[in-house]
Structure formats: structure tokens, C-alpha cells
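Trainee: Hey, got a minute to walk me through this one? I'd like to start with the strands and then look at the gaps.

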Amino acid sequence: MFQKRTLFSTTKTCMTIMPAWVIDKYGSNDVLRFTKNASFPIINYPNEVIIKVCAAGLNPLDVSMRGGYGAATMSMKRDPLNIKQAGSEFPLILGRDVSGVIMECGLDVKYFRERDEVWAAIPPWKQGSLAEFVVLSANEVSHKPKSLSHTEAAAIPYVATTAWSALVNTGGLSKDNCAKKRILILGGSGGVGTFAIQMLKAWGAHVTVTCSQNAEQFVKELGADHVVDYTAGPVEEPLSALEKFDLILDNIGGDTERWALSLLKPWSGAKYVTLITSFLQNTDRLGIADGMMQTAATMATKALKHLVKGVHYRWGFFAPSGPALDEVREMVDAGQIRAVVEETFSFSQVPQALNKVEMGHARGKTVVQISGAGHD
């Protein structure tokens, strides 16, 4: 029995540093630095847990954050009273997806105990998963699906909670009201798109997807009912020939707003939810107060403009949520959703992994394997 307890090689008391990939300033891939002396995470609140990271999933957001995207808003979240000096977020650890093993629980943590296998999406204002350990609130964490390895599990949380926030919290969809609904996903072969296709199909919706021709077979295998190739010419033409939609999820942005809202059923509560918003650019450019005012004005103008045409315009945002991941876990273990891992990298290959994400046009996720504590 005693042998089993030594799952972690070091005693809690003397752990003050750990290996991690950090950035000390914003920039391109050459700001990444590997260190063995990153600060070990500590439990500051009784509802927190420390997780030993087995695998970390990467997202386009990591590349954007490496370049400083959202820095103004994130520093306000980290330091709401503005006590610390500018640059106090460094050294910063990227990585928004984690699958691993709980190493320590705060006093108020009820649903987890040491050695539980868990997964989570890490809020962007917290230190990320490209490290040996990470600290999170228990309400951001969920038990990992039993049917997945840590590597597979690390591919899901961030895209799942983003899609959940957009489709469920903002779009009003649920497993009880999706049957027969017509949904259009603009940009269906990336992380959020591949997850959304599977979740909506599990809930009985009819799903149309836009993607490039070479991803067509891939999204069909995930369950898409109808695929439109956006490389074959203006995608709005074949789309407007189709029956109108109840909800559009936009992963692309750009000029899609110009034509996409006319594809919705008017005066029936149909919603257009975009994940490409100007909120963080505005606060980076104008500062928090002015950026939020500019954002509110833009949002109100657009919402009103489309409301008079009988459709709802909404912005979707990532929201970390353990309870949402609990529901996703049930769907994964029931075989309704599979992890789509495009490529895995070792912990020493983090710069190459981020390069891969930066190149875009992914089919599924890039995952970094960090430690073997999870017996993958």
C-alpha cells in the first residue's frame, strides 16, 4: 500500500519550483523560454486544487496571448485594484487545456480528492498548463472521461467550454430543444467547430458546415449533414440556396456578418452567435474603460440593426465551467463525442507545437504531453 502513495516524487513541503515554458515579454515564438525554476503554484483559496499536468492542449488563443492579445483585460482580472506594476504577469505560462491528476485539495473542496484524474479549461488570466503543475478553482475542474487517455482528454476542454458557452449560454440550445433545428457552423474543421458538430448531432440537430474542400470528408465523419466548400467561390451563394437556419455559429468573423444574418429564419427567435468579437482588441487599444464603452456601443448598434430584421445578433465568449465539462464527459463516455487530436508533441517541443497552431488550418487539436504520472 505504501508504494502506491508515492505517486508524486517530492513531498509537498519542499516544492517551490517546477519546470515550465514561460514568456517574459510578448512577441513571436522566440520569446518562449524553458525553465526549471518556475514558481510552484500555491493554494490561496480553500476551493482550489493543484493538478499535476499530464497533457496540455494548445489553441489559437495561446498564439494570440503570446503576442499580447487581451493583455489589458487580463491584467485587470489578475489585479483588479491595480496594485502591481506593469508587466507583473511575467513570467507567464501559456496553455488553456489541461488533463492531469489532482495532487492537493483546498479545505473546502468536496467533489475531488488527491489522485483523481481530472480535466479543465483554464481561464486566460490564470497561469496555464505548459508546466508540471497548475492551480485552479474546483468549479473549473471536472473528472476526466474514463474512455479517454490524458492526451485525448487535453484536446477537449477549451473548445468544449467555448462551444458550450456560445451554443448553450448564448444561443439557448440544449439537448431537449435541438431536434429538427437547422444549425450552420461557419468554419467547421477547427477545434470549436469539430466539437460543436458532434455535440449538436448528439442532440439531434441538422448541421451544415463550411470548410475547405480537403476537410469535407473529415467533418462528414464527425456527423455534418451538409458541407459547403468555401474555396469553390463566394460561400454565401450556395448557402442562400438552402432552407434558412435557426442558429449560426461563426468561427471566422471578417465580412461574414455582411451576408450571414440573411440566412437566418426571420421573426422566429433565430440567433447569430459570433466568437470573433472586438472586445479584447478594443480594451488593448483604448484601455479598459474606453474599450468597454466602444465595445458596448458596437454590440448595441449591431444587435439593434439586426433586431429590426427579426434576428438576434449575439457575441459568444469562452467561460470556464466544471459543470459544463461534467455534461461533456457523459457524452464522451457514451461515445457521442470523440477527441480529435491532429498532432502530439513532447514537453521539449513546445515551440514547434505553437508553430503548428500558428500555421492554422488545423483539423482538430495540437497536444503537448507533459508527464507520465497519469499512466497514459
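## Strands, loops and empty space

Mentor: Sure. β4 and β5 pair in the antiparallel sense, over five bridges. Keep in mind that this is a predicted model.

Trainee: Okay, which residue stands opposite Val118 of β5 in that pairing?

Mentor: That's Gly100.

Trainee: What other strand does β5 pair with, and over how many bridges?

Mentor: Strand β7, residues 141-143, over three bridges, and that pairing is antiparallel too. Val118 turns up again here, standing opposite His143 in β7.

Trainee: Is β5 mostly buried or exposed?

Mentor: Four of its five residues are buried, so β5 is largely enclosed by the rest of the structure.

Trainee: Let's switch. What is the strand order in the open sheet of six?

Mentor: The order is β10-β9-β8-β11-β12-β13, and the pairing is parallel. At the edges are β10 (226-229) and β13 (312-315), each of which pairs on one side only. From one strand to the next, the twist averages 15°.

Trainee: How many bridges join β12 and β13?

Mentor: Four, in the parallel sense. As an example to click on, Thr274 stands opposite Trp315 in β13.

Trainee: And which way do side chains point in a strand?

Mentor: As a general rule, in a regular strand they alternate between the two faces of the sheet.

Trainee: New topic: odd backbone spots. Which two residues does a cis peptide bond join?

Mentor: Phe90 and Pro91, with omega at about -10°. Pro91 is found in the loop between α3 (71-78) and β4 (97-105).

Trainee: Why would anyone pick out a cis bond or a positive phi?

Mentor: Because most peptide bonds are trans, and most residues other than glycine have a negative phi.

Trainee: Then what is the phi of Arg115?

Mentor: Arg115 has a positive phi of about 80°, although it is not a glycine. You'll find Arg115 in the loop between β4 and β5 (117-121).

Trainee: How accessible is Arg115?

Mentor: Arg115 has 35% relative accessibility, so it counts as partly exposed.

Trainee: What about Trp267, what's its phi?

Mentor: Near 55°, again a positive value in a residue other than glycine. Trp267 lies in the loop between α9 (256-260) and β12 (271-274).

Trainee: Is Trp267 buried or exposed?

Mentor: Exposed, because its relative accessible area is 64%. The cut-off for that word is over 50%.

Trainee: Where is Asp255, by the way?

Mentor: In the loop between β11 (247-250) and α9. Asp255 has 45% relative accessibility, so it counts as partly exposed. If you want a long line to draw on screen, the C-alpha atoms of Asp255 and Pro91 are separated by 37 Å, and the two residues are 164 apart along the chain.

Trainee: Now the gaps. How does anyone find where empty space is left?

Mentor: By rolling a probe the size of a water molecule over the atoms.

Trainee: How many cavities of 30 Å³ or more does the structure hold?

Mentor: One. The volume of the largest cavity is about 70 Å³.

Trainee: Which helix gives the most to its lining?

Mentor: Helix α6, residues 191-202, with four residues. The lining of the largest cavity includes Ala155, Phe195, Arg338 and Lys365. By class, that lining has seven nonpolar, three polar and two charged residues.

Trainee: And how much space lies in the second largest pocket?

Mentor: About 1200 Å³. The pocket is lined by 39 residues, and Arg78, Lys84, Trp125, Lys126 and Gln127 lie nearest its centre. The elements that give two or more residues to the lining are β1 (17-23), β2 (32-39), α3 and β6 (133-137).

Trainee: Which of them gives the most?

Mentor: β2, with five residues. By class, the lining of this second largest pocket has 19 nonpolar, twelve polar and eight charged residues.

Trainee: Last one: what does UniProt say about residues 27-368?

Mentor: The unreviewed UniProt entry annotates them as "domain: Enoyl reductase (ER)". In the model, that span is 32% helix and 23% strand, and its end C-alpha atoms lie 21 Å apart.

Definitions and conventions
Residues are numbered from 1 along each chain as its sequence is written. Side-chain values use heavy atoms; hydrogens and water are left out. Buried means under 20% relative accessible area, exposed over 50%, partly exposed in between (1.4 Å probe, protein chains only). Two strands pair if DSSP finds at least two bridges between them. Axes are lines fitted to C-alpha atoms, for helices over the stretch in contact, and angles run from 0 to 180 degrees between N-to-C directions. On a 1 Å grid over the protein atoms alone, a cavity is a set of points where a 1.4 Å probe fits but cannot get out, and a pocket is an open set with protein on both sides within 12 Å along at least five of seven lines; lining residues have an atom within 4 Å of a point. Grid points are joined across faces, edges and corners, and a volume is the space filled by probe spheres set on the points. Ala, Val, Leu, Ile, Met, Phe, Trp, Tyr, Cys and Pro count as nonpolar, Asp, Glu, Lys and Arg as charged, and the others, Gly among them, as polar. UniProt positions are given in the numbering used here, feature names are shortened, and annotations may be inferred rather than shown by experiment.
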